[in-house]
Amino acid sequence: MTASGVPISAEGGSTPDREAYLADIVKSRRIQVFCAWCGPVFCVLLFVGWGLMAGFITPLISPAHSAAQVAGAWSDHHTLKLLGLTIAMFGIALTLPFYLGISAQMRRTELRLPLLSILQLAAGIIITAVLLIPMLVFVVGAFRPERGGALDQLINDASYIMLILPWPPIMVQVFSMAAATFTDRRENPVFPRWFGYLNIWVGVLLVPANMIIFFKTGPFAWTGVIGFWMPAAVFGLWYFVVTYVLLKAIKQEEAEDRALFAPA
């Protein structure tokens, strides 16, 4: 029987049609590969759209800026800001298939109830929401550039804090992935053991982002190395590493499924 419960005959056939299941193996691989690549694409679209085109990372608008300085930064390149934020929102939508792809491979590590893979997907859905909501707040701020004053400062504060601060659901996600890695009892594990330790470190290194609510200047502010750049680098690189690991796991799964259909 395959990992998905497909019965295999002694002659290498299956019930029902063998060719249909072989075709389904190919389809599953293609869908999962697409899901895996959604992670890096999300990172690129977020950086290009929100960071470069909308201009919210080049440079970061400082929490120490006056209301007039913030208003000036928000009023620059109005149309380009809205276009860049639109691209970023599309990129954020790609996190959903990416997290689904992670859970599909995590499911292979669990023999009975897929609790860890469900937990990862639930945390991923929350992460998508906490990425999308501040992006919408950025859109609200850019929508009316003539607003100016303290209202722009309020929207700016809300946007950056809501985008950078929500590390708890990410910690739940990466810790569930680490647990799935360490509890995998398969002869050929789905994920390498170093991947579990990596996820633990990612969760730990994102916690300093919480310091942005206590500082307006210096390394702990959202313009600082510890408050923004370190968590942002860890967050972004994680998607590329996970994609690499997922692609290897998907290839391994396809080989295992095809072996079950090989003639006896």
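**Questions about a predicted model**

Visitor: Does Thr128 count as buried or exposed?
Guide: In this predicted model, where residues are numbered from 1 along each chain as its sequence is written, Thr128 has a relative accessibility of 9%. Buried means under 20% relative accessible area, exposed over 50%, and partly exposed in between, with a 1.4 Å probe and protein chains only. Because its value is 9%, Thr128 counts as buried.

Visitor: In which helix does Thr128 lie, and which residues does Thr128 touch?
Guide: Thr128 belongs to H5, a helix that covers residues 115-143, where helices (H or I, at least four residues) are DSSP runs numbered from the N terminus. Leaving aside residues up to four places away in sequence, and taking contact as heavy atoms within 4.5 Å, Thr128 touches Ile92, Thr95, Leu96 and Tyr99.

Visitor: How many salt bridges does a search of the whole structure find?
Guide: Side-chain values use heavy atoms, with hydrogens and water left out, while local features need pLDDT of at least 70, side-chain atom pairs count only at pLDDT 80 or more, and totals for chains, interfaces and linings use all residues. A salt bridge here is a side-chain nitrogen of Lys or Arg within 4 Å of a carboxyl oxygen of Asp or Glu. On that basis, the number of salt bridges found in the whole structure is 5.

Visitor: Which residue forms a salt bridge with Glu254 at 3.0 Å?
Guide: The partner sits in a distant part of the chain, for Glu254 is in helix H9 and the other residue is in helix H1, 225 residues apart. Glu254 counts as buried because its relative accessibility is 15%, whereas its partner, at 27%, counts as partly exposed. With the closest N and O atoms 3.0 Å apart, the partner of Glu254 is Arg29.

Visitor: Which three residues are linked in a network of salt bridges?
Guide: Glu254 also forms a salt bridge with Arg258, the closest N and O atoms being 3.4 Å apart. Both of these residues lie in helix H9, 4 residues apart, which is about one turn of the helix, and Arg258 counts as partly exposed because its relative accessibility is 37%. The linked residues are therefore Arg29, Glu254 and Arg258.

Visitor: What is the N to O distance in the salt bridge of Arg186 and Glu256?
Guide: This pair, too, links distant parts of the chain, with Arg186 in the loop between H7 and H8 and Glu256 in helix H9, 70 residues apart. Arg186 is partly exposed because its relative accessible area is 23%, and Glu256 is partly exposed because its value is 27%. Their side chains meet in a salt bridge with an N to O distance of 2.7 Å.

Visitor: Which helix gives the most residues to the lining of the largest pocket?
Guide: On a 1 Å grid over the protein atoms alone, a pocket is an open set of points where a 1.4 Å probe fits, with protein on both sides within 12 Å along at least five of seven lines, and lining residues have an atom within 4 Å of a point. The largest pocket has a volume of about 550 Å³, and of the 24 residues that line it, the closest to its centre are Leu46, Phe228, Ala232, Phe235 and Gly236. Helices H1 (18-53), H5, H6 (149-164) and H9 (225-260) each supply at least two residues of this lining. With 8 residues, the helix that gives the most to the lining of the largest pocket is H9.

Notes. Points joined across faces, edges and corners; volume = space filled by probe spheres on them.
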